[in-house]
Amino acid sequence: MRLAVFGGSFDPVHIAHEAIVNEALKELNIDKLIVVPTYLNPFKNSFNYEPNIREQLLRKVFSKTSKVEICDYEVKQKRAVYSIETIKYLKNLYKPSNIYLIIGADNVKDLNKWQGIEELKSLVDFVVASRSGFIDNNFTKFKNLKVNIDISSTKLRDKIDLNFIPIQIKEDIINLQRNKKG
């Protein structure tokens with residue numbers, strides 16, 4: 001089995017996340033793509049939407065996308081989980097012949113700060129989803145996915161723009177935002 005893993009906060013999930021998954025399914029020779037929402041990103045100290053809500057939104061967005069599975073491993077830990085721990089868990093669970101780890105281009109510059117990065121490099125092949133404004137000459141070490149949608153969850157948390165929210169969850173986001181203000 002060939003596996004791809006795409007982890008992140010998805011806080012909120014947006015159309016670039018959706019595009020990354022679709023591009024990975026098209027470009028990578030994989031049997032399954034596992035999307036892993038964090039409970040809490042190890043480099044952050046808070047989240048916007050509760051982990052369970054982010055997981056539910058991801059399930060809704062990808063419910064009709066074959067080969068995609070949403071993994072609740074990190075959410076169930078109720079703490080920040082390092083990628084190395086999740087990869088070891090998934091490797092033990094699926095026993096894949098190959099694992100691709102999909103990361104955003106904005107993460108490349110900080111890979112040396114990741115817990116267990118040397119071991120992680122030995123376990124996975126990194127795949128970088130390109131993003132304008134994040135160019136790095138070291139990309140030759142990685143397989144690239146061409147996804148150039150200029151949006152980030154950070155920008156969306158500052159001001160929700162429904163043009164960047166997947167259609168399957170627009171109403172959910174409107175209601176969540178209304179409840180936050182309420």
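Lys60 and Asp172 form a salt bridge, with 2.8 Å between the closest N and O atoms. This is a predicted model, so please take the distance as computed from that prediction. Lys60 belongs to helix α2 and Asp172 to helix α7, so the pair ties together parts that are 112 residues apart in sequence. Both ends are partly exposed: Lys60 has a relative accessibility of 41%, and Asp172 has 24%.

In total the structure holds twelve salt bridges. Another one joins Glu85 and Arg79, at 2.7 Å from N to O. Glu85 is partly exposed at 24%, and Arg79 is partly exposed at 35%.

A third example is Lys113 with Asp110, where the closest N and O atoms are 3.3 Å apart. Here Lys113 counts as exposed, at 54%, while Asp110 is partly exposed, at 24%. These two residues also belong to a salt-bridge network that includes Lys109.

Now the interior. Nonpolar side chains in soluble globular proteins tend to be buried together. The largest nonpolar core here has 31 residues, and Leu28, Leu33, Val35 and Ile102 have the most contacts inside it. Among the elements giving two or more residues to this core are helices α2 and α7, along with strands β1, β2 and β4.

What is Ile102 in contact with, leaving aside its neighbours within four places in sequence? The list includes Ala4, Val5 and Phe6, then Ile20, Ala24, Leu28 and Leu33, and further along Val127 and Leu145.

There is also a second, separate core, with 23 residues. Tyr73, Ile84, Ile103 and Phe126 are among them.

Notes: Residues are numbered from 1 along each chain as its sequence is written. This is a predicted model: local features need pLDDT of at least 70, side-chain atom pairs count only at pLDDT 80 or more; totals for chains, interfaces and linings use all residues. Side-chain values use heavy atoms; hydrogens and water are left out. A nonpolar core is a set of buried Ala, Val, Leu, Ile, Met, Phe, Trp, Tyr and Cys residues joined through side-chain atoms within 4.5 Å. Buried means under 20% relative accessible area, exposed over 50%, partly exposed in between (1.4 Å probe, protein chains only). Helices (H or I, at least four residues) and strands (E, at least two) are DSSP runs, numbered from the N terminus. Contact means heavy atoms within 4.5 Å. A salt bridge is a side-chain nitrogen of Lys or Arg within 4 Å of a carboxyl oxygen of Asp or Glu.
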